[in-house]
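Student: Could you walk me through this one? I'd like to see how the labels follow from the values.

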Amino acid sequence: MVSMSIPTVNDLAASARSTRWVLASRPSGWPTEDDVRQETVELPELSDGEIRVVNEAISVDPYMRGRMNDGPSYVPPFELGEPMDGAAVGVVVASRSEDVPEGTRVLHGQGWRDVAQLSAAKTQKLPDLRDTEGPLAASKFLGIAGMPGFTAWLGLTRIAAMQEGDTVFVSGAAGTVGSAVGQIARLKGAARVIGSAGGPEKNRIVTERYGFDACLDYKRGDVMGQLGEAAPNGIDVYFDNVGGDHLEAAIQHFNDDGRAALCGAISQYNDDQPAPGPRNMGMLVTKRLMLQGFIQGFYTEAMGDFLAEMGPWLAAGEIVADETVEDGIDQAFDAFLGMMQGRNVGKMAVRTAVAD
């Protein structure tokens with residue numbers, strides 16, 4: 001049963017108001033409720049080429065923590081006093097665009113709000129999946145069939161160039177990207193897939209549900225030793241979502257010519273001071289290792305190849321696409337903190353409206 005706190009698309013369509021989250025101050029360490037605020041604003045009349053969208057689901061992602069800081073990065077920081085943004089899926093409820101009429105479901109970049117108003121040219125049309133896969137199916141385009149899934153596929157296959165028979169290590173294995181990396185590695189013929197996650201329950205999910213061969217519990221400490229036990233013959237590929245001690249452990253246990261795709265360093269995002277780097281960087285030379293950072297937005301030409309593989313995997317039930325969903329725009333910041341703290345399994349999303 002749908003929570004009574006979740007409005008319907010028609011409820012929100014009837015009003016030209018938007019409830020949104022604003023960055024009030026730049027966090028030092030972990031963000032707190034004092035760093036953000038909610039506000040409700042009246043939306044202006046649509047201009048030519050614009051659409052109004054009731055968001056059904058919005059995404060919260062690790063990279064958003066970096067955007068709360070005021071520093072150079074691959075994506076501009078959130079502006080103080082301005083609404084935050086991110087990926088969202090919703091239904092067009094008003095349109096002044098012939099290309100994107102009312103009733104179209106779209107993927108766009110104005111998350112962190114329940115109603116968005118933007119240029120139709122900045123949206124991507126999506127199929128209506130509700131009739132066949134349930135009311136949250138569209139949120140797959142925030143996860144496994146969207147940016148996180150593409151990130152996993154790209155880093156594993158193009159950046160780290162995984163080969164059949166490789167042993168693959170994935171940190172953040174219970175999250176959206178990490179769980180996809182391990183499953184894709186298995187489908188691509190990896191000899192052994194090892195994950196890392198926090199706590200026995202997540203370890204169980206990673207092995208039993210996502211099909212990893214083993215999973216380290218980083219909360220037990222000694223990631224270096226645990227990885228040595230899980231991969232006695234070393235690793236060939238490392239997909240890094242965490243950084244810190246996980247990266248150091250991967251370098252230590254790499255076989256010669258090992259490759260790492262560096263996607264994130266969530267263990268360091270809330271540090272007040274720069275974290276020390278791996279102490280074994282000399283092994284990059286002696287083992288001829290390749291460590292490459294990447295940002296999926298610079299490889300959009302590969303999206304078609306990704307969807308050509310991911311579509312059939314999803315249709316055949318060969319990929320598990322879990323979601324942790326919080327209900328209501330009011331819960332967006334709490335969901336964001338929960339994702340940063342590892343409370344989610346699979347994609348963390350916020351359901352902001354439901355179909356009537």
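Tutor: Sure. The largest nonpolar core has 43 residues, and those with the most contacts inside it are Trp153, Leu156, Val168, Ile184 and Val206. Mind that this is a predicted model, where local features need pLDDT of at least 70 and side-chain atom pairs count only at pLDDT 80 or more, while totals for chains, interfaces and linings use all residues. Residues are numbered from 1 along each chain as its sequence is written, and side-chain values use heavy atoms, leaving out hydrogens and water.

Student: What makes a set of residues a nonpolar core?

Tutor: Its members are buried Ala, Val, Leu, Ile, Met, Phe, Trp, Tyr and Cys residues joined through side-chain atoms within 4.5 Å. Buried means under 20% relative accessible area (1.4 Å probe, protein chains only).

Student: Which helix gives the most to this core?

Tutor: That's α4, with six residues; helices are DSSP runs of H or I, at least four residues long, numbered from the N terminus.

Student: Why does this core lie between domain 1 and domain 2?

Tutor: Because domain 1 (9-143 + 322-351) and domain 2 (147-297) both give residues to it. The bounds come from an automatic or database domain assignment.

Student: Why are α4 and α5 called oblique?

Tutor: They pack at about 50°, with axes 8 Å apart. Angles under 35 degrees count as roughly parallel, over 145 as roughly antiparallel, 65 to 115 as roughly perpendicular and the rest as oblique, so α4 and α5 are oblique to each other.

Key: Buried < 20%, exposed > 50% of the residue type's maximum accessible area, 1.4 Å probe, protein only. Helix = DSSP H or I, 4+ residues; strand = E, 2+ residues; numbered from the N terminus. Axes fitted to C-alpha atoms, helices over the stretch in contact; angles between N-to-C directions.
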